[in-house]
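Trainee: I am new to this structure and would like to go through it with you. Could we start with how its helices pack?

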Amino acid sequence: MQTTAVPRGPLVGRENEIRLLDELTGAARSGRGGALVLRGEPGIGKSALLDHARRAASGSRVILASGSEFERELPFAALHQLCLPLLGHLTDLPLRHSDALRAAFGLTTGTPDLFRIGLATLEMLASAARERPLLCVVDDAHWLDTASSKALNFVCRRVSAEPVAMLFALRTPASGHLGELPVHDIGGLSDTDARTLLTAQSHLMIDEQVLDRLIAEARGNPLALLELPRSGGYDPPDTGSVPARIERGFQARLADLPDEVRLLLTVASADPTGDPTLLWPAARLLHIDVPTASVAAATTGLIEFSTRIRFCHPLARSAVYRAAKVGERYTAHRVLAEVTNSTADPDRRAWHRAQATAGPDDDVAAELARSASRAQARGGVVAAAAFLERAGELSQDATERIQRTLEAARARLGAGDPERAAALLSTVNSAALDEYQHAYADLLRGQVAFQSHHDHCGPTFMIRAGQRLAELDPDRSRRCFLDAIEMSLLVGRASGVMEMVLTAARSSASTPRPPDILDLLTLLKEKGHRVAVPLIRKALDGPDSASWTAHPALALMLAGETWDPHLHAAIVEWLMKTGRESGSPPLLRLGLAQTGTYSMFIGDLGSAMAAIAEEEAIADAIGGPPLSYHRIQLASMRGHRKEALELFESCMVAATANGSGLLVANIHWAAAVLHNGLADYPAALTAARQAVAADDLYLASFSLPELVEAAVRCGETDAAVSALESLTERTEASGTATGLGVAAYARALVTGSEEQYRNAVEYLEQSPLLPYRARAHLLYGQWLRREGRRRDCRPHLRTAHGLLSGAGLTAFAQRAADELRATGERPRSRSPHTYDQLTMQEVHITRLVAAGATSNEVAARLFISPRTVDAHLRNIFRKLGVTSRRQLRDQPDLGT
């Protein structure tokens with residue numbers, strides 16, 4: 001049995017932390033990966049604990065990386081550092097993934113497949129860990145660049161099936177993109193442990209009263225305990241924070257050093273790479289006597305010169321840099337720029353040149369702009385924004401300065417930082433803008449507002465951009481208006497936006513042109529569905545339509561208004577194909593969400609669950625929240641009351657906080673479907689009224705039949721008649737079998753006409769929408785039973801029960817079963833659905849494997865490791881009572 005020695009030296013009082021580290025590394029040696037974040041203030045002992053983990057990881061391979069204050073905006077800088085020793089395993093990866101990493105690390109030209117970087121990293125680590133367990137140690141994780149931290153966070157959440165331990169250290173209170181990982185907060189030492197450390201490490205004789213004061217002032221910070229006694233303990237009391245005092249203690253060591261030694265230390269502190277092949281040439285450019293100066297610098301204990309140049313602590317490095325005069329920092333960055341290879345490392349060279357520049361410099365600004373383009377191509381939107389921001393500051397030409405600042409704001413938006421984008425836009429001098437730049441700035445301000453939960457000015461800004469361009473560039477003006485609608489749909493804040501946009505578009509000057517989608521939306525609002533829908537169907541005819549490619553979310557909503565499921569399916573199929581071919585996460589996520597919705601509408605719940613699982617995997621891979629509306633819709637159709645209501649409640653809280661009126665409308669529609677299925681008609685009526693009142697494209701139309709049924713059952717005749725009139729106007733305009741069939745059974749509910757019930761059944765036999773087809777039979781059967789025609793009602797009720805129970809639409813199936821029992825017939829029971837026994841992710845894995853996919857192919861689709869796929873398969877086999885992949889093909893109702 002392994003025992004842990006009593007900690008000594010810097011690890012005194014850290015028994016609990018040592019136990020956690022030993023458990024983490026021990027689990028990795030046993031094949032169970034994991035991650036841990038050590039968090040605490042500077043000097044609290046994080047680095048010492050990382051050193052312990054490195055020493056304790058016997059039999060494991062240890063790879064190291066460190067965040068750098070000066071490289072936080074260079075994309076994948078830390079990830080490259082971590083993976084550098086493992087690049088030999090690139091050939092073990094699928095070509096698409098190895099190419100993505102090569103592009104991310106600048107080893108080849110091209111744009112990396114950004115949302116596959118995390119999976120490619122996981123595969124590389126797993127490949128290396130097949131030789132022996134792996135311990136990845138990342139210090140100063142609060143300074144990780146955004147791209148690296150997202151990728152590493154992704155890896156950590158999926159590493160449990162691999163012999164890989166991931167260990168991070170970061171400062172309190174920072175967490176960044178590692179916030180979801182297990183965190184252990186490191187507190188200060190107890191007075192007893194502090195005294196033990198202080199007396200054991202200090203060679204100085206310190207008066208007992210002074211010793212007590214030092215312990216009190218150090219507040220349990222080990223580095224402070226080691227640094228403060230250097231003065232002998234007789235400095236006056238210091239009221240500053242402990243890290244600030246430690247930093248001043250480091251700076252005190254510089255006081256008596258010769259100028260060239262201080263300059264050498266300044267150059268070393270200005271170089272985030274710690275590369276001797278940069279430091280020594282830079283020092284020689286400054287005519288520093290390297291042998292003499294380096295010895296003198298090392299004797300301070302601040303720095304160590306070896307194969308890498310390391311400061312004794314990050315605070316020591318920052319202390320040296322801050323202690324240097326401004327001119328000395330400029331000099332340090334200037335010589336580092338001169339010795340940095342402009343071909344192999346142009347971006348770091350540009351960054352050093354920028355740091356060495358005090359005033360405007362068009363040459364440096366142009367170099368930074370080129371670096372921004374390279375960063376953008378590598379997916380480094382944060383780096384691109386930083387380069388462009390600095391380029392704008394250094395640009396002498398006012399036009400260039402404005403344009404680069406606007407581009408920096410756009411890049412900040414792309415990086416998910418609307419606050420910084422807004423700050424940049426506020427620096428732009430409006431008086432210096434031409435009309436095109438004014439429009440561009442307004443467009444950006446609108447996008448910033450749409451991404452802010454509390455700013456409702458997004459439509460106003462984007463509409464103003466369109467109005468500015470109405471005479472200068474009419475086509476671009478129209479695109480601005482449509483962009484406002486599209487973005488409102490994508491962020492779920494569409495309420496009232498269309499009315500604002502259409503009003504502005506009508507009043508804006510425009511040259512003669514063919515009708516576009518804006519004109520059709522105006523027709524829809526002013527003339528109604530009978531006039532507009534035939535033209536909308538024509539405008540959405542085929543993937544070459546600009547409506548599909550430029551504004552896919554709007555195209556999907558308009559397809560819903562046509563009551564044409566085949567058109568909706570075609571757009572969804574195009575979205576999936578285009579999203580997979582282009583690797584565009586937004587397109588693919590929209591396609592998957594709509595695949596979930598369409599699959600739910602046709603009663604294929606296995607396909608719906610698989611689409612939801614894949615969309616969630618992609619959202620996780622790119623570090624964003626999953627979409628919600630397709631999960632809400634599925635829950636309502638399944639009729640699982642408790643699960644659905646819990647989901648509605650959590651999503652309503654999020655929708656209210658984010659101002660997402662579209663999600664709220666989805667919840668109301670889904671609640672109406674759920675409660676109609678459960679025969680809770682008052683609740684269904686309330687929800688359906690709310691959904692229809694929102695008057696959102698697509699949702700209002702599909703909420704009308706729910707409103708008719710609930711109103712009829714509640715005796716609200718006027719409400720039922722009014723909803724039926726609106727539904728009839730919409731469905732007759734479309735002329736589709738689906739629309740006419742749904743309207744027919746709604747009309748039958750209101751009028752009691754058997755002919756309408758028959759029409760509904762006949763029309764919906766031609767529709768792919770199984771739930772509505774089944775509900776037509778259910779409603780007709782109910783009506784026949786209440787008319788006393790028991791023999792006639794049974795075939796319809798049997799059909800309804802078979803369709804609904806076969807698809808897993810539990811609540812509606814129970815209604816059909818109850819009606820059958822009321823006729824004296826016992827409904828046929830059905831074995832549990834396969835997907836009811838599995839999680840959504842397991843459903844997706846089962847479907848893929850049943851279709852012949854390998855573990856590697858499944859892993860690539862769901863952004864997990866092949867070992868994790870195999871672990872899931874073992875659970876799936878156990879749940880389904882099968883023993884082989886081949887047997888999965890025989891599992892029913894998965895929609896493969």
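**Helix packing and a central topic: strand 3**

Mentor: In this predicted model, helix 11 (residues 259-270) packs against helix 13 (residues 290-298) at an angle of about 75°, and their axes lie 9 Å apart.

Trainee: How is helix 11 oriented to helix 13, roughly parallel or roughly perpendicular?

Mentor: Helix 11 is roughly perpendicular to helix 13, because angles of 65 to 115 degrees count as such.

Trainee: Which residues meet there?

Mentor: From helix 11, Glu-260, Val-261, Leu-264 and Leu-265 meet Ala-293, Ser-294, Ala-296 and Ala-297 of helix 13. The residues of this contact comprise 6 nonpolar, 1 polar and 1 charged.

Trainee: Let us change topic. Is strand 3 buried or exposed?

Mentor: Strand 3 (residues 134-139) has 6 of its 6 residues buried, so the rest of the structure largely encloses it.

Trainee: Which way do its residues point?

Mentor: Leu-134, Cys-136 and Val-138 point one way from strand 3, while Leu-135, Val-137 and Asp-139 point the other way; all are buried. In a regular strand, side chains alternate between the two faces of the sheet.

Trainee: And which strands pair with strand 3?

Mentor: Strand 2 (residues 61-66) pairs with strand 3 in the parallel sense over 6 bridges, and Ala-65 stands opposite Val-138. Strand 4 (residues 164-171) also runs parallel to strand 3, joined by 5 bridges, with Cys-136 opposite Met-166.

Trainee: How does the chain get from strand 3 to strand 4?

Mentor: The chain passes through helix 6 (residues 146-156), and this β-α-β crossover is right-handed.

Definitions and conventions:
Residues numbered from 1 in each chain as written. Predicted model: local features only at pLDDT ≥ 70, side-chain atom pairs only at ≥ 80, totals over all residues. Heavy atoms only, no water. Axes fitted to C-alpha atoms, helices over the stretch in contact; angles between N-to-C directions. Helix = DSSP H or I, 4+ residues; strand = E, 2+ residues; numbered from the N terminus. Parallel < 35°, antiparallel > 145°, perpendicular 65-115°, else oblique. Contact = heavy atoms within 4.5 Å. Nonpolar A, V, L, I, M, F, W, Y, C, P; charged D, E, K, R; others polar. Buried < 20%, exposed > 50% of the residue type's maximum accessible area, 1.4 Å probe, protein only. Pairing = 2+ DSSP bridges. Right-handed = clockwise from strand over helix to strand, strands pointing away.
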